[in-house]
There are 2 protein chains.
Amino acid sequence: MRPTLIKHLKRNFEEYVEELCAFVKKPSVSATGEGIRSCASFLAQRMAEYGIHTETRELPGGNPIILGKVSGLRKDRTLLVYDHYDVQPADPLDAWEFDPFSGRVEQDRVLGRGAADSKGNLMAYLSAIRLLSETGGLPMSVTLLFEGEEEIGSPHLADFIDSHSSELASDAVVCCDGEMDPSGRPMISLGMKGLIYVELRCRKLKRDVHSSKASLLPSASWRIVKALNELTDADGRISIPGWREGIVEPSTHDLNLLREIPFDEDRIKAEFGVSDFLHGKSGFQALRDFLYEPTCNIAGLIAGYQGEGSKTVLPAEARAKLDLRLVYDQDADRCLSLLREHLKSRGFGDVEVSVFGKINPSHTPSDAPIARAAAEAATAVYREKPVIYPKHHASGPDCLFTKNLGLHSVWTGCAPGNGRAHAPNEFIGLEDFRLGILYACELISRFAQN
Amino acid sequence: MRPTLIKHLKRNFEEYVEELCAFVKKPSVSATGEGIRSCASFLAQRMAEYGIHTETRELPGGNPIILGKVSGLRKDRTLLVYDHYDVQPADPLDAWEFDPFSGRVEQDRVLGRGAADSKGNLMAYLSAIRLLSETGGLPMSVTLLFEGEEEIGSPHLADFIDSHSSELASDAVVCCDGEMDPSGRPMISLGMKGLIYVELRCRKLKRDVHSSKASLLPSASWRIVKALNELTDADGRISIPGWREGIVEPSTHDLNLLREIPFDEDRIKAEFGVSDFLHGKSGFQALRDFLYEPTCNIAGLIAGYQGEGSKTVLPAEARAKLDLRLVYDQDADRCLSLLREHLKSRGFGDVEVSVFGKINPSHTPSDAPIARAAAEAATAVYREKPVIYPKHHASGPDCLFTKNLGLHSVWTGCAPGNGRAHAPNEFIGLEDFRLGILYACELISRFAQN
């Protein structure tokens, strides 16, 4: 770590934090569209002010992509940095202890929706580019790709990447939408799960009706319950025929990486208030299933009367939001067809399946140059070895880089492991952010030398 | 029908309508508590102004009961009139074409939540008492019992009735919380279904969590779906062991009454936009099941993300609101025990069952004096024979009068059959209300002579 860099960061840190706060203050909820355009334009303006050649690319029917390019000292090497400026919805609002879009500093933390996922990470890379440029020059060229639809499954990113592959040409990818390992050590993931996000919807009546007619008229809520029941067995395991095709045993190398992961079961159990994991799993088996088992989660159930107390109504419509995570070489399109066919074959042709997002699983080998550079940079900045996940527990558009662009990709970030991403009271620590800027500087410098 | 009565009504009708509008303007949502006390006090004040001896009885933990007494010409005969001043919640708010509590007249209708169910009916009886008192005198004594918890299953009414049986001593009961038959003819019901309203609730985590942990942590939404699935078979019929105990074949007399009911299947199908009834039932069988089959309706499903688009969340908690209608001699307490035991025995001890209301089924014979008086009064006012239901399709606290007080009871009312009770855009026609006042006058007069 160069002393000038650290000194310069110290001098400029307050300004970088202010920039992050301003970014968090801009709501950008892709699920509802709230604030998206205003936040995108804010981000593009700021990047231009930082000396980055920035373009806002409109996507028909989607949220804009912000594309940035900075030439570095070494021009024959380019790092593609991917992240997103959109955030999860803030609800349930009454569970927040502060305004979700307050974007203020309190007790050495920046508070607000998106502070951890992923505005802190994104701003750490922008700050690193400024810092490196002002202290001897950016060691290599960097292309920045920031989308506004990650939290809804990146529905337009695949098309964009496929049709802009030459503009995105680079030597490797850093997806900085990551976070620190729960152990407090940096985390590097070499692949992501896939994801299908669907809404099942059933409408049986023109309008809601007094429930005394329940013995005469069909019930949308019962249809949704019975349809959902067809998707999993009594133990909650996916029971759609053919679903596990593409799932293989993890490689010996992956299993060895798994064994080095500090998997703190007791902490997770305490954090969420459970005495046991699902199906009584524990230890290595629990970790393995956490990373390598497909899931079918009911993210939302919506039907009829939602308020306090009682209302005797037969709901005209019912909906269920599902996210299904895919692993190994499960194919999102194929799985989606299986889901639709299964519902139809089980007699649920009256249940519509709307797709809100789909993405395939991905993989990068641990000896790839970008994986080595990230691991060395993390060790240098955090003074301890990073935790390397052969597969991240979450999903992301990583396959677009590994499969569509054919690049190696690492998934990492400086957001705290307990930063309450996707939940109320989200935050990033000021020290998380400071180290994140240094980690980004170091990763760029090391990959440039590689 | 006495001409003085009709003339006097014509002169005072505008004022009676204004009183009804003022009543509808007062929200009184028992499910949430909104406006209850203010509406109860409004009603009690108005009744006192009409010359009725009125008392507001506080119920510990419940909504006040308004009790009214008027002495009539014949003092050895008393009619007990039951109704409720509470209303269903107004949601979904965006489906209303006017303010749910506007309480204004438009196109010969009084608009607003409660106009049909049951403020119009209640105000028709109060207007009838005023009208009779001012035109020769009330023919017999009337006791008025207005509760504020009917829409949540009358949880405190049983205790009140049991502990005030001497105050409520009377010769018969009119429950005026009814409506006109869909055929446009008056409707008289000689019994109600029972009802159990419960909320199933499952909480598995301290807080919502990113759904990537779905392979590790238990899912409250899946538990609720699987628990619900245990309650009915693939056809949607209740599959709780022992549930049908107390259900017998309808009597020949009841079946004969059923055959006289104009059951307009096509109108119902068109109104709700269905091509077939549940299980393809039609004709007499459909009508019989409508009135005599127990149901288990999912009135509400609540879990996780309810908004637009997607959110990848594993919900900490899930809830389902159920109303289960009981028929014949099914016993609410026994059925509730069966439900709890069944869930427990099927492994759903983690699903809490909260009871929001319970009421037993009831029955009054068609040759009871009050039934005859109601039928004659309806024929005189509406100039056509009423439709007599041996069992009403809905539920109400009728059993408290028939079983607990041992009285005969009829369920009838002047609200229109298409008045959108429990749904958006509720109303009562001015002519519905006018005839309702005359119907109440006539019923009181005929029962007094009986």
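## Two copies, one shared surface

H279(A) is found in the loop between α7 (265–272) and α8 (283–292) of chain A. The model is predicted. Phi of H279(A) is near 60°, a positive value in a residue that is not glycine. Because H279(A) has 15 C-beta neighbours inside 10 Å, it counts as partly exposed.

**Backbone details**

D108(B) also has a positive phi, about 60°, although it is not a glycine. D108(B) lies in the loop between β4 (104–106) and β5 (109–111) of chain B. Is D108(B) buried or exposed? With 10 other C-beta atoms within 10 Å, D108(B) is exposed.

Cis peptide bonds come next. One joins D91(A) and P92(A). P92(A) sits in the loop between β3 (74–84) and β4 (104–106) of chain A. Another runs from D117(A) to S118(A). S118(A) belongs to helix α3 (residues 115–134) of chain A.

The table lists these cis bonds.

| Cis peptide bond | Omega |
|---|---|
| D91(A) to P92(A) | about 5° |
| D117(A) to S118(A) | near 5° |

**Chain A as a whole**

Chain A holds twelve helices and 17 strands. Its C-alpha trace spans about 80 × 45 × 45 Å along the principal axes. The radius of gyration of chain A is 23 Å, which agrees with the value near 22 Å for a compact globule of 450 residues. Of the 450 residues of chain A, 56% count as buried. Among contacts in chain A with a separation of 6 or more, 80% come from residues 24 or more positions apart.

The domain assignment splits chain A into domain 1 (3–192 + 362–449) and domain 2 (194–247 + 294–359). The centres of domain 1 of chain A and domain 2 of chain A are 34 Å apart, taken over C-alpha atoms. Seven residues from domain 1 of chain A and eight residues from domain 2 of chain A make the contact. On the side of domain 1 of chain A that touches domain 2 of chain A, four residues are nonpolar, three are polar and no residue is charged.

**How the copies are related**

What operation superposes chain B on chain A? A rotation of 180° does, with 0.0 Å of shift along its axis and an RMSD of 0.0 Å. The two copies are thus related as by a two-fold rotation axis. The same surface serves both copies: in chain A, 100% of the contact residues of chain B recur.

**The interface**

In the interface, 71 residues of chain B are in contact with 71 residues of chain A. Elements giving two or more residues to the chain B side include α5, α7 (265–272), α8 (283–292), β11 and β14 (352–359) of chain B. Which element gives the most to the side of chain B that touches chain A? It is β11(B), with nine residues. By type, the residues of this side of chain B divide into 33 nonpolar, 25 polar and 13 charged.

P218(A) has partners across the chain boundary. P218(A) is found in the loop between β10 (209–210) and α5 of chain A. P218(A) touches K204(A), V274(B) and L278(B), leaving out residues up to four places away in sequence. P218(A) and L205(A) are 13 residues apart in sequence, yet 7.7 Å apart in space, C-alpha to C-alpha. With 19 C-beta neighbours inside 10 Å, P218(A) counts as partly exposed, because a buried residue needs 20 or more.

**Helix α5 and the core**

Why is helix α5 (residues 220–229) of chain B largely enclosed by the rest of the structure? Nine of its ten residues are buried. Among them are W222(B), R223(B), I224(B) and K226(B). The buried residues of α5(B) pack against both chains. In chain A the partners are α5 (220–229) and β11 (295–304). In chain B they are β9 (194–203), β11 (295–304), β13 (317–326) and α9 (332–345).

Nonpolar side chains tend to be buried together in soluble globular proteins. Here the largest nonpolar core has 285 residues. Those with the most contacts inside this core are I224(A), I444(A), I224(B) and I444(B). I224(B) is also one of the buried residues of α5(B). I444(B) touches L79(B), A128(B), L132(B), P139(B), M140(B) and V142(B), not counting residues up to four places away in sequence.

Notes. Residues numbered from 1 in each chain as written. Chains lettered and ligands numbered in written order. Predicted model: local features only at pLDDT ≥ 70, side-chain atom pairs only at ≥ 80, totals over all residues. Least-squares fit on C-alpha atoms with pLDDT ≥ 70 in both. Contact = placed C-beta atoms within 7 Å. Domains from an automatic or database assignment. Nonpolar A, V, L, I, M, F, W, Y, C, P; charged D, E, K, R; others polar. Helix = DSSP H or I, 4+ residues; strand = E, 2+ residues; numbered from the N terminus. Rg over C-alpha atoms; globule rule 2.2 N^0.38 Å. Buried ≥ 20, exposed ≤ 12 C-beta atoms within 10 Å, placed from the backbone. Core = buried A, V, L, I, M, F, W, Y, C linked by C-beta atoms within 7 Å.
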